[in-house]
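Welcome, and thanks for bringing your viewer along. Please load the model, switch on the cysteine side chains, and get ready to click from stop to stop.

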Amino acid sequence: MRVLSIMAASAAANDGLMAAPLKALQTQLAMVEHTVKAAGKVTPGVYETVKKMKNMVEQVIEPAIVDAHNADQELIYVTFKEIVAEDTQYRSFVDTVIAEGWKILNSTKSKWTTCGVDVEVLKSRFSECLDHRDSLVQHNNTVCCQEYAMCPHDGDCEVVKLDQAHVGCDYKSRHPEECVAHAQKLISSLKGYFQEQDERFEALHEQCTKFNAAVKAKVAECAYLQEAVNAKVAEVLQITEEINGGGQKMMNDSKQRCIDYKIGRKTKEAQYLSVAGPCEQGDYASGNGCVMNREADRRNEWESTQLIKCMLEHYCQGGKFDEELLEKCKKEIHSCHLVIDYPRVPELIPCEIPECESCPGCDECLDRPYYQYQTPCYETPVADPPVCVEAPDCPGWCTSEE
């Protein structure tokens with residue numbers, strides 16, 4: 001009955017890794033009990049058999065069960081680490097690739113902002129330059145118009161014809177000397193007028209020449225500023241393209257990496273759960289099935305072998321088996337050291353998809369039309385010709401004298 005109790009306690013392990021050794025132990029235990037009953041005493045042969053059985057438990061079965069436990073525990077950890085590796089790789093992507101991407105984008109945006117400020121400054125300078133240029137053009141055209149009004153054609157600025165009546169000298173009744181003297185008097189009175197007009201024309205001509213040079217210099221300055229603005233605009237547009245292209249690439253890469261992470265993580269989780277179990281009962285002896293099933297079988301095997309080992313030890317000490325010792329052995333047996341640690345699968349890391357706003361570009365500076373008279377005022381009519389300054393009233397000495 002005692003052997004039957006031990007065999008019943010170990011029946012659950014009959015399909016385990018140690019099923020064959022356990023069955024052999026149970027058979028030998030039954031034979032020992034039968035021999036002792038028949039002989040009425042413990043013979044040296046029986047004692048030797050008991051020692052061999054105990055050694056088999058300690059040197060073969062126990063190490064095999066512990067090794068199998070350690071192997072499955074390592075398998076669990078290795079499989080779980082593959083889940084952790086997926087998380088680590090994705091977290092590394094977020095902490096390095098995305099972080100570095102933001103760093104580059106923010107640096108580029110800083111350049112974009114600086115360039116945008118430079119563009120506005122240059123545009124302001126360009127606009128002021130155009131205002132100065134247009135003001136110079138207006139003054140230039142006004143002065144040159146006055147010059148043209150005084151002398152429309154080179155060498156023929158103003159002609160005064162003295163008719164016979166105006167001369168007022170009767171050559172028939174007066175001596176020629178008197179008429180010549182009278183004519184010289186008339187001419188001398190006009191000399192001052194023409195000298196003043198000539199000086200005024202020269203002054204206007206000089207001003208016109210200076211204004212022409214000033215306008216050309218200002219036009220060149222504005223053209224240079226326009227080129228500077230447009231060059232800076234081109235730089236801003238290039239930076240804008242870098243920002244928008246880089247931001248779009250980072251978003252696309254992040255989306256794809258998120259998809260890859262979820263697929264990889266799901267695969268590793270399924271693999272981990274398949275290895276861990278629970279699962280359909282497999283062929284434990286060949287290592288099939290899952291860890292949870294093998295763990296349960298090993299614990300049953302361990303408890304069965306420990307029960308047999310305990311009874312063998314008591315037999316060696318007292319030379320008997322009884323129910324009291326069997327119950328005592330059962331209370332001392334445990335298999336907590338064969339419990340597998342199953343790490344909990346962590347939550348999926350939320351995907352990080354950067355939202356990169358597009359940066360607007362900026363427009364180039366365009367010149368505004370202006371008109372500068374390169375030829376006399378009215379030889380090239382325009383829609384809105386500049387207003388010329390009216391000629392001053394003639395001084396009193398330019399009037400004819402009787």
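Before the first click, one definition: a disulfide here is a pair of cysteine sulfur atoms within 2.5 Å. Keep in mind that this is a predicted model. By that cut-off, the count comes to four disulfides, and the tour visits three of the pairs, including the one between cysteine 129 and cysteine 222.

**Stop 1: cysteine 129 and cysteine 222**

Select both residues and zoom in on the sulfur atoms, which sit 2.0 Å apart in a disulfide between cysteine 129 and cysteine 222. Look along the S-S bond: the angle about it is -105 degrees, and the link of cysteine 129 and cysteine 222 is left-handed. Now colour by helix. Cysteine 129 belongs to helix H3 and cysteine 222 to helix H5 (residues 176–276), so this pair ties together parts that are 93 residues apart in sequence. If you turn on a surface, are these two cysteines buried or exposed? Both cysteine 129 and cysteine 222 are buried.

**Stop 2: cysteine 258 and cysteine 351**

Next, select cysteine 258 and cysteine 351, a disulfide with its sulfur atoms 1.9 Å apart. Here the torsion about the S-S bond is about 90 degrees, so the disulfide of cysteine 258 and cysteine 351 is right-handed. This pair also links distant parts of the chain: cysteine 258 lies in helix H5, while cysteine 351 is in the segment after helix H7 (323–332), 93 residues away. With the surface still on, check each partner. Cysteine 258 has 8% relative accessibility and counts as buried, whereas cysteine 351, at 26%, is partly exposed.

**Stop 3: cysteine 310 and cysteine 329**

Move on to cysteine 310 and cysteine 329, joined by a disulfide with an S to S distance of 1.9 Å. The torsion about the S-S bond is about -75 degrees, so the link of cysteine 310 and cysteine 329 is left-handed. Cysteine 310 is in helix H6 (residues 291–318) and cysteine 329 in helix H7, 19 residues apart. Both ends are under the 20% limit for buried: cysteine 310 is at 7% and cysteine 329 at 0%.

**Stop 4: cysteine 336**

Click on cysteine 336 for another kind of surroundings. Its relative accessible area is 53%, so cysteine 336 is exposed.

**Stop 5: asparagine 70**

Finally, select asparagine 70 in helix H3 (residues 44–150). Asparagine 70 is partly exposed, with a relative accessible area of 42%. Then add isoleucine 340 and draw a distance between the C-alpha atoms: asparagine 70 and isoleucine 340 are 270 residues apart along the chain, with 8.7 Å between those atoms.

Conventions
Residues numbered from 1 in each chain as written. Predicted model: local features only at pLDDT ≥ 70, side-chain atom pairs only at ≥ 80, totals over all residues. Heavy atoms only, no water. Helix = DSSP H or I, 4+ residues; strand = E, 2+ residues; numbered from the N terminus. Buried < 20%, exposed > 50% of the residue type's maximum accessible area, 1.4 Å probe, protein only.
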